[in-house]
Amino acid sequence: MPLLELRDLSVRYRNRGVEAVRGVNLTLDAGETLGLAGESGCGKSTLAMSVLRLLPPNADISGEILLDGEDVTTMKWGRLRAVRWTSAAIVFQGAMHALNPVQRVRDQIAEPIELHSKTEYSASALRKRVHELLAQVELPAEKGDSYPHELSGGQKQRVMIAMALACEPRLVIADEPTTALDVIVQAQVLALMSDLVAEKDIGLVMISHDLAVLASTCERLAVMYQGSLVEEGLSAEVITNPQHTHTQTLAAAFPTVGDPGSRYAPATSTTLPDAVPAPGDELLRTSDLHVTFRTRGVTHAVAGVDLSVRRGEIVALVGQSGSGKTTLARTILGLQEPTSGQVTYDGKPVPRSTRGLKAYRRQVQLVLQDPTSALNPRHSVYESIAEGLRIHKVPGDEREHVAAALDAAELRPPQEFMPLLPHQLSGGQRQRVVIAGALALEPKLLVADEPVASLDASVRGEILALLLRLRANLGLAALVITHDLGLAWNIADRVAVMYQGELVEVGPVDEVLNDPKHDYTRSLLAALPTTQPKETDLASG
Amino acid sequence: MSDILTPTEEALAEAPPPTRGGGALRYVLTKIGGGLVSFALVIVLGFLLFRALPGDVVATMFRGRPATPEMIANLKHQYGLDLPLWQQFVNYVGDLLRGDLGDSYVYRVPVWQKIEERFWPTVLLVGVSTLISVALGLWMGTRSGWRRGSRFDRISTGVALALWSTPTFWLGMLLLAATTGLFPTAGIVYSDTPPDFFSQALDIAHHMVLPTITMVAVTYAQYQLVMRSSLIEEMGADYLTTARAKGLRDDEVRRKHAVPNALLPTVTLVFLHLGFVIAGAISVETVFSWPGLGRLTYDALRVGDLPLLQGTFVVLAGAVIVMNVFADLLYRVLDPRVRAA
């Protein structure tokens, strides 16, 4: 008998009228691992939630969900509550808000144990059990006393895993377990999950938008598109020889670092610039930049950084969270005062006065990670773009400027987009609006903070291609902050690797990523999820 | 989530786990210091405010009786009102620092004594009605927020809003008219009640019924509405899905996870309002002739009793500030995230 069997499962949300999941059939045996891939809105999370009947009341389920042979859809509430967490548990995206912010994580891990245990647990036995669980996810026992906000993203994810294992379920569903984590932490969490699942013979369904992540952890892959299952098979086969066009798009979205075919060629259906223009003279330089924080001890967030960006050059600044790359970007933008050292722009030191900074920021524009929160939901596209023009009192016809910016960001025809509100746009279009807002001021340099991290895989290539074209057509330079080495490989000329506040390696992308000199760069590369078995000497190096 | 716009995120990620309570003393001292600064401003403001009141205070004291200019000048001199304004202020602050609020023009007794005598009836009335209205508001707010759009939600929110917008004095008089004879209409205790504790307590309780109902009716809506909206905000939170997935019953999810989080903004509101409620008791105390601070302020304002007005102003404003500081400190205890910040 399979551990989990979905028979012709469909889910419809009454208020939306469309079927989020359409006639899905899936089986999973004990000890098996299955990856479920798809973009946002494809129904993969709805599918996961339906297994424990956690969908909102306005969702209608049809078909059967057999968990250990018992149909979840017809269970009585009491039985359903008993099954939850004991037969199947869910690892939510812990880095977000899946943990109660005002409870110690110890109590949150203990909660399902107390709830489901047949025998009364004594306080000390419960404590011991929580420590065991924390040890399994390689967290020290004293972390149990922490509140969620005191833990890093990776630690929170480990807590989520410990919590899921608390009642020794036979099935674990992991919903985007590593999405908000950077590569090294992601690799650690994935390895931990694979080990625990294998060791305890647990069935695992892992959901992600990232095929590479799934392929590196799961035996089988299933791809969802608009509510239906479009492809299913062994991971290696699906990823090397995708049959459905949507799977092909997903597989192509994340390049293999080192593959010459994807150098300066993000996955896109649009035309890319023919030649890579040679960068001009130096536009921005930081010299011996230091930023030190003195809250709670001394933290050298930026410890002596020399970085330059030339006209028309795309530089990728890579590093883990906590490496200081965000602080460096803030300092470059004049949002953070340097402790010592300076930033020069166009040969002159960046001013510190409000007025001087305003003029400087017209030249250096920021593109944020999440376009949904970067745009005011009540401002039309026109308003969002015109705002910068008004602040900087740009002469000339406002409407013409806005139209030109929208055209440059390839939102054509511009007139059609102007009156729209952000919620009427897709994720990729929203990011284009953010870029258009920056372009309206005709900057020389874009500072982009993870510009594609919150976008769907199929849109990612389009935005990266846009950046390449902007550079070719407008001579725009860009400093792209990212933890995604594939992004650097796709578009950047040079890469600067940041580790503990210092640049440990700077150089042309081909050199640094093909032949890394520094150990840290090597470990970043080794942490990339791959479909091939990893070379162990790299991982240990 | 982008952290490029918020400083020191990276410092957080790399920093060792915060030692709890390390900055606690500093936090407490900062908050108390802030409270003292506000209080100093209140004293200055109070002084100037009552000097700017229309009408000559000394003239009002004669209440229309004929007075010669010498008599007025004499009285002005007696109260130090003929001194330059800055001199008056220095004297006032000096007296205040010694704990002397001056003598009431009308009652001819120290202001402190008058305030002290009226303080406890107000605390009793405000305390009891706040307890009831907070309990009622939180319970109704939780119930209506958890089942948003239900019949209970629609009716109770409507009723709460209607009562909230009712003028206090009007509701008080309506209650008096509707219950003629059932409850005493004025004061805190009958003069002929036996002096033993039990009889006194019973009589005070009897007197308190109508003022308390009036105060609860007009104040509980704010607690209900804030609790309702902050619970609705928490309803979509992912950790509630986690709790449900663990197999908790619906009411356990609400009690153990949703309500403790939703309570946080409500607690602040309760304490912020406690200060105002004392001042807000003015109309209730006036309608029911309750011998409290509100009534005292009202009387002092009517006859232009300057020292008494200044005194009640300082006490009432002080109450708001103390409650504010207390709310800040309590919030830190309740929300671990504030402790870290």
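**Figure 1. Helix H12 of chain B and the loop leading into it.** In this predicted model, the buried residues of H12(B) are B:Leu293, B:Gly294, B:Leu296, B:Thr297, B:Asp299 and B:Ala300. Right behind the helix comes B:Gly304, with a positive phi near 70°. On the other side, B:Ser289 sits in the loop that joins helix H11 (250-287) to helix H12 (293-303) of chain B. B:Ser289 also has a positive phi, near 45°, and is a residue other than glycine. Most residues other than glycine have a negative phi. Is B:Ser289 buried, partly exposed or exposed? With a relative accessible area of 25%, B:Ser289 counts as partly exposed, because the buried class stops under 20% and the exposed class starts over 50%.

**Figure 2. B:Leu231 and its contacts in chain B.** Have a look at helix H9 (residues 197-235) of chain B, the home of B:Leu231. This leucine is buried, its relative accessible area being 0%. Which residues does B:Leu231 touch, not counting those up to four places away in sequence? They are B:Gly141, B:Thr142, B:Gly145, B:Trp146, B:Ala258, B:Val259 and B:Ala262. B:Asp192 is another story: 39 residues from B:Leu231 along the chain, with 50 Å between the two C-alpha atoms.

**Figure 3. Transmembrane spans of chain B.** An unreviewed UniProt entry places the feature "transmembrane region" at residues 32-53, 119-140, 161-184, 204-223, 262-288 and 308-331 of chain B. Two of these spans get a close-up here. Residues 119-140 of chain B are 100% helix and 0% strand, with the end C-alpha atoms 31 Å apart. For residues 204-223 of chain B, the end C-alpha atoms lie 27 Å apart, and that span too is 100% helix and 0% strand. As for the rest of the chain, the tally for chain B is 14 helices and 0 strands. Of its 341 residues, 43% are buried. Chain B exposes about 17,700 Å², and carbon and sulfur atoms supply 67% of that area. Among contacts in chain B with a separation of 6 or more, 74% come from residues 24 or more positions apart.

**Figure 4. Helix H1 of chain A, tucked inside.** Why call helix H1 (residues 44-51) of chain A largely enclosed by the rest of the structure? Because 7 of its 8 residues are buried. By name, the buried ones in H1(A) are A:Lys44, A:Thr46, A:Leu47, A:Ala48, A:Met49, A:Ser50 and A:Val51. Just after the helix, A:Arg53 takes a positive phi of about 50°.

**Figure 5. A:Val257 and its partners far along the sequence.** A:Val257 lies in the loop between helix H9 (245-253) and strand E11 (282-293) of chain A. How far apart are A:Val257 and A:Leu485 in sequence and in space? They are 228 residues apart in sequence, yet 7.2 Å apart from C-alpha to C-alpha. Setting aside neighbours within four places in sequence, A:Val257 is in contact with A:Leu485, A:Gly486, A:Trp489, A:Leu513, A:Leu525 and A:Leu528. For chain A as a whole, 69% of contacts between residues at least 6 apart in sequence join residues at least 24 apart.

**Figure 6. Two backbone oddities in loops of chain A.** Most peptide bonds are trans. The one from A:Arg412 to A:Pro413, though, is cis, with omega near -10°. A:Pro413 belongs to the loop between helix H14 (398-408) and helix H15 (414-417) of chain A. The second stop is A:Glu450, in the loop between strand E17 (445-449) and helix H17 (457-474) of chain A. A:Glu450 has a positive phi, near 45°, in a residue other than glycine. Buried or exposed? A:Glu450 counts as buried, since its relative accessibility is 8%.

**Figure 7. Chain A, stepping back from the close-ups.** Chain A has 21 helices and 20 strands. Its C-alpha atoms fill a box of roughly 70 × 50 × 40 Å along the principal axes. The radius of gyration is 25 Å, which agrees with the value near 24 Å for a compact globule of 541 residues. Buried residues account for 55% of the chain. Chain A exposes about 22,300 Å², with carbon and sulfur atoms supplying 49% of it. On the charge side, there are 52 positive and 65 negative side chains in chain A, and the centres of the two sets are 7 Å apart.

Note on methods. Residues are numbered from 1 along each chain as its sequence is written. Chains are lettered from A and ligands numbered from 1 in the order in which they are written. This is a predicted model: local features need pLDDT of at least 70, side-chain atom pairs count only at pLDDT 80 or more; totals for chains, interfaces and linings use all residues. Side-chain values use heavy atoms; hydrogens and water are left out. Helices (H or I, at least four residues) and strands (E, at least two) are DSSP runs, numbered from the N terminus. The radius of gyration is taken over C-alpha atoms; the globule rule is 2.2 Å times the number of residues to the power 0.38. Buried means under 20% relative accessible area, exposed over 50%, partly exposed in between (1.4 Å probe, protein chains only). Contact means heavy atoms within 4.5 Å. Accessible areas come from the Shrake-Rupley method with a 1.4 Å probe; for residues, only the protein chains shown count as cover. Lys and Arg count as positive and Asp and Glu as negative; His and the chain ends are not counted. The place of a charge is taken as NZ of Lys, CZ of Arg, CG of Asp or CD of Glu. UniProt positions are given in the numbering used here, feature names are shortened, and annotations may be inferred rather than shown by experiment.
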